[in-house]
Amino acid sequence: MKRFPFYSRFLILISLFCLLGCSGNEKQLPELAEVTGNVTLDGTPLADAIIDFYPQSSQEKSNSRTSTGVTDQNGKYTLMYDNATPGALLGDHLVRISKTDGGAEVAGPEMLPAKYNEGSTLKATVTKAGPNQIDFELKSK
């Protein structure tokens, strides 16, 4: 009987682990569409604001997550469904926009009126056909 040297058995074992670890574990994503836009406050681009799109249909609420984006220095944002997947679920969303005194990375007092965040009245619809360029023109008063 021929025996494999240790390093051959080791390589075969590692290969099997890789094959098992890479097969069948792909997550099933819901149907998404890319969403971008601009946020202004009193006509000026709003930098470092956090944008959250909350799905509103009952099925989407129970089986999905919020899509989030952060505005750049020009007030532009792109929504992400998760860390690696751009987009948002198709359909209607409640939108919340928050800007804290310390920027997107530091918790601080909220700088925007509650009607844009905690008590948001903002709505948006994401469509499959797109383009989903959704801009928000906020007012400080």
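Here is a short tour from one acidic residue into the nonpolar core.

Before you click, note that this is a predicted model, where local features need pLDDT of at least 70, side-chain atom pairs count only at pLDDT 80 or more, and totals for chains, interfaces and linings use all residues. Residues are numbered from 1 along each chain as its sequence is written, and side-chain values use heavy atoms, with hydrogens and water left out.

Start by selecting D52, in strand β4 (residues 50-55); strands here are DSSP runs of E, at least two residues, numbered from the N terminus. D52 is buried but has no salt bridge. Buried means under 20% relative accessible area (1.4 Å probe, protein chains only), and a salt bridge needs a side-chain nitrogen of Lys or Arg within 4 Å of a carboxyl oxygen of Asp or Glu. R96, the nearest side chain of opposite charge, sits 7.0 Å away.

Now add T68: its side chain makes a 2.8 Å polar contact with that of D52 (N or O atoms within 3.5 Å, one able to donate a hydrogen and the other to accept it; residues adjacent in sequence count only if both atoms are side-chain atoms).

Next, hop to L94 in strand β10 (residues 91-98). L94 counts as buried because its relative accessible area is 14%.

Finally, show F53, Y77, I97, F136 and L138, which touch the most other members of the 21-residue largest nonpolar core. Such a core is a set of buried Ala, Val, Leu, Ile, Met, Phe, Trp, Tyr and Cys residues joined through side-chain atoms within 4.5 Å. Its largest share, three residues, comes from β11.

Terms used: Helices (H or I, at least four residues) and strands (E, at least two) are DSSP runs, numbered from the N terminus. Buried means under 20% relative accessible area, exposed over 50%, partly exposed in between (1.4 Å probe, protein chains only). Lys and Arg count as positive and Asp and Glu as negative; His and the chain ends are not counted.
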